[in-house]
Amino acid sequence: MQAHNITYPHSLIHLIQGNLFQGLPNEDPYAHLATFIEICNTVKIAGVPDEAIRLSLFSFSLSREAKRWLHSFKGNNLKTWEEVVEKFLKKYFPESKTAEGKTTISSFHQFPDESLSEALERFRDLLRKTPTYGFSEPIQLNIFIDGLRPQTRQLLNASAGGKNKVENPIRSN
């Protein structure tokens with residue numbers, strides 16, 4: 001799993017270690033991977049594929065349980081970046097977490113003192129926390145609108161020029 005004979009600047013290793021993933025239940029493995037890839041994409045080495053850079057640096061982005069998990073793959077069993085990502089997400093974002101996230105999304109309700117914009121941001125956050133939720137945009141919109149307080153829904157429909165003419169507010173620009 002190592003790209004041999006590559007020397008990286010210490011500042012790059014330090015930057016990667018500023019985004020440590022420990023394997024704790026409250027950590028977001030998707031956000032960790034996105035940040036890790038973003039950092040790795042700042043490095044280009046002639047003749048070295050991006051995948052080799054990611055493979056050689058990934059262990060620096062892990063600590064504690066997550067580092068032990070990665071080291072449990074003896075003898076370079078993980079040969080591609082895709083394998084690492086697949087196993088990492090299977091370990092740290094299992095189906096049960098997806099199911100829990102889908103349930104939370106589908107049971108969304110606006111809080112009594114929550115504004116429309118606050119409810120929308122909270123709903124978008126729920127979607128971000130479960131990237132594999134599988135709801136189409138029309139279903140997301142229905143869940144969101146159905147979860148609004150009746151007064152908010154009325155105001156939203158009135159501002160859209162009538163019943164159920166609301167444009168999709170969920171898609172972030």
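Which side chain of opposite charge is nearest to R54, and how far away is it? The tour comes to that residue after a look at the whole chain.

**Whole chain**

Start with everything shown as a cartoon. This is a predicted model. The chain has 173 residues, and 39% of them count as buried. Nine helices and zero strands appear in the chain, so colouring by element, a reader following the chain from the N terminus passes α-α-α-α-α-α-α-α-α. Among contacts with a separation of 6 or more, 66% join residues 24 or more positions apart.

**Stop 1: R54**

Select residues 50-57, which form helix α3, and then R54 within that helix. Show its side chain together with that of D50. R54 is buried and has no salt bridge. The nearest side chain of opposite charge is D50, 4.7 Å away. A salt bridge requires a side-chain nitrogen and a carboxyl oxygen within 4 Å, and the separation here is 4.7 Å.

Next, add the residues that R54 contacts beyond four places in sequence: F36, I37, C40, N41 and W81.

**Stop 2: I13**

Move to helix α1, residues 10-17, and select I13. Is I13 buried or exposed? I13 counts as buried because its relative accessibility is 15%, and the cut-off for buried is under 20%.

Which residues does I13 touch, leaving out those up to four places away in sequence? They are Y8, L57 and F60. L57 also lies within the range of helix α3, residues 50-57, the helix of the previous stop.

Now select S61 and draw a distance between its C-alpha atom and that of I13. The two residues are 48 residues apart along the chain, and their C-alpha atoms are separated by 8.4 Å.

**Stop 3: the largest pocket**

Select F93, K97, E100, K129 and T130. These are the lining residues that lie nearest the centre of the largest pocket, out of 13 that line it. About 290 Å³ of space lies inside.

Which helices supply at least two residues each of this lining? Colour α6 (95-106) and α7 (116-129) to see them. The largest share, four residues, comes from α6.

Finally, colour the lining by class. Five of its residues are charged, four are polar and four are nonpolar. K97, E100 and K129, selected above, are lining residues of the charged class.

Note on methods:
Residues are numbered from 1 along each chain as its sequence is written. This is a predicted model: local features need pLDDT of at least 70, side-chain atom pairs count only at pLDDT 80 or more; totals for chains, interfaces and linings use all residues. Side-chain values use heavy atoms; hydrogens and water are left out. On a 1 Å grid over the protein atoms alone, a cavity is a set of points where a 1.4 Å probe fits but cannot get out, and a pocket is an open set with protein on both sides within 12 Å along at least five of seven lines; lining residues have an atom within 4 Å of a point. Grid points are joined across faces, edges and corners, and a volume is the space filled by probe spheres set on the points. Buried means under 20% relative accessible area, exposed over 50%, partly exposed in between (1.4 Å probe, protein chains only). Lys and Arg count as positive and Asp and Glu as negative; His and the chain ends are not counted. Contact means heavy atoms within 4.5 Å.
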